[in-house]
Amino acid sequence: MSLPSRIEAEQRYEKLRALALEVTQNSLTGNLKLTQITPRALEATQIWGSSRLRQYNWDWPQNYSYYKKSYPKRFEIAVWENNILTAISLGRPTYHATGLRLDVVEAMPRDLGERSNVFDTIILAYEIYARMINANHIRIMNPVNETVKAFYERYGYQYIAKGDYLTRDIL
């Protein structure tokens with residue numbers, strides 16, 4: 001039996017990503033809309049570069065292109081509020097596929113407009129996708145500073161200094 005082709009893998013995980021977002025969307029109240037990362041979302045991140053509050057200048061269009069080509073099992077989410085991109089995230093399974101990595105998450109900087117705290121929504125979507133791929137934990141990779149690390153710890157994540165990530169088992 002041969003391994004699935006890259007295209008078949010992309011199509012299979014595309015369906016799982018869409019289903020994870022749909023299940024998450026159905027659990028929400030209010031005016032948040034969840035999508036996969038689209039060209040419109042990537043374009044919207046470019047505005048964030050003008051912020052004086054942006055923590056890290058991550059090039060979303062370039063890095064997303066790399067992820068899309070390299071990781072068919074990736075998880076991706078764009079969060080829209082009142083038709084404005086308010087957060088975006090990318091992750092992928094761990095090397096042995098026992099966990100799901102949240103590699104990058106970024107919210108629209110507050111000096112560019114009001115937005116809700118959507119981390120609860122993002123992490124719920126990651127947990128749903130992780131269950132779909134039989135992962136048993138989530139890892140938040142490389143927190144950008146101590147404040148961000150402490151934020152994740154309030155959600156029950158434990159910091160692992162050796163790997164520079166936080167982890168929490170999926171309930």
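**Exercise 1. What area does the protein chain expose, and what share do carbon and sulfur atoms supply?**

Solution. The protein chain exposes about 9700 Å², and carbon and sulfur atoms supply 52% of that area. Accessible areas come from the Shrake-Rupley method with a 1.4 Å probe; for residues, only the protein chains shown count as cover.

Before you go on, note that this is a predicted model: local features need pLDDT of at least 70, side-chain atom pairs count only at pLDDT 80 or more, and totals for chains, interfaces and linings use all residues. Residues are numbered from 1 along each chain as its sequence is written, and side-chain values use heavy atoms, with hydrogens and water left out.

**Exercise 2. List the secondary structure and explain why the protein chain is as compact as a globular protein of its length.**

Solution. Step one: count 5 helices and 7 strands. Helices (H or I, at least four residues) and strands (E, at least two) are DSSP runs, numbered from the N terminus. Step two: read the order from the N terminus, α-β-α-α-β-β-β-α-β-α-β-β. Step three: the radius of gyration is 16 Å, close to the 16 Å that the globule rule gives for 171 residues, so the chain is as compact as a globular protein of that length. Here the radius is taken over C-alpha atoms, and the rule is 2.2 Å times the number of residues to the power 0.38.

**Exercise 3. Find the largest nonpolar core and the helix that gives the most to it.**

Solution. A nonpolar core is a set of buried Ala, Val, Leu, Ile, Met, Phe, Trp, Tyr and Cys residues joined through side-chain atoms within 4.5 Å. Step one: the largest one has 30 residues, and Phe75, Ile77 and Tyr126 are among those with the most contacts inside it. Step two: helix 4 gives the most to this core, with 8 residues. Step three: apart from this core lies another, of 16 residues, including Trp60 and Leu90. Finally, look at tyrosine 126: beyond four places in sequence, its contacts include Phe75, Leu90 and Ile138. Contact means heavy atoms within 4.5 Å.

**Exercise 4. Is isoleucine 160 buried, partly exposed or exposed?**

Solution. Step one: locate isoleucine 160 in strand 6 (residues 158–160). Step two: recall that buried means under 20% relative accessible area, exposed over 50%, and partly exposed in between (1.4 Å probe, protein chains only). Step three: with a relative accessible area of 27%, isoleucine 160 is partly exposed. Leaving aside neighbours within four places in sequence, isoleucine 160 is in contact with Tyr165 and Thr167.
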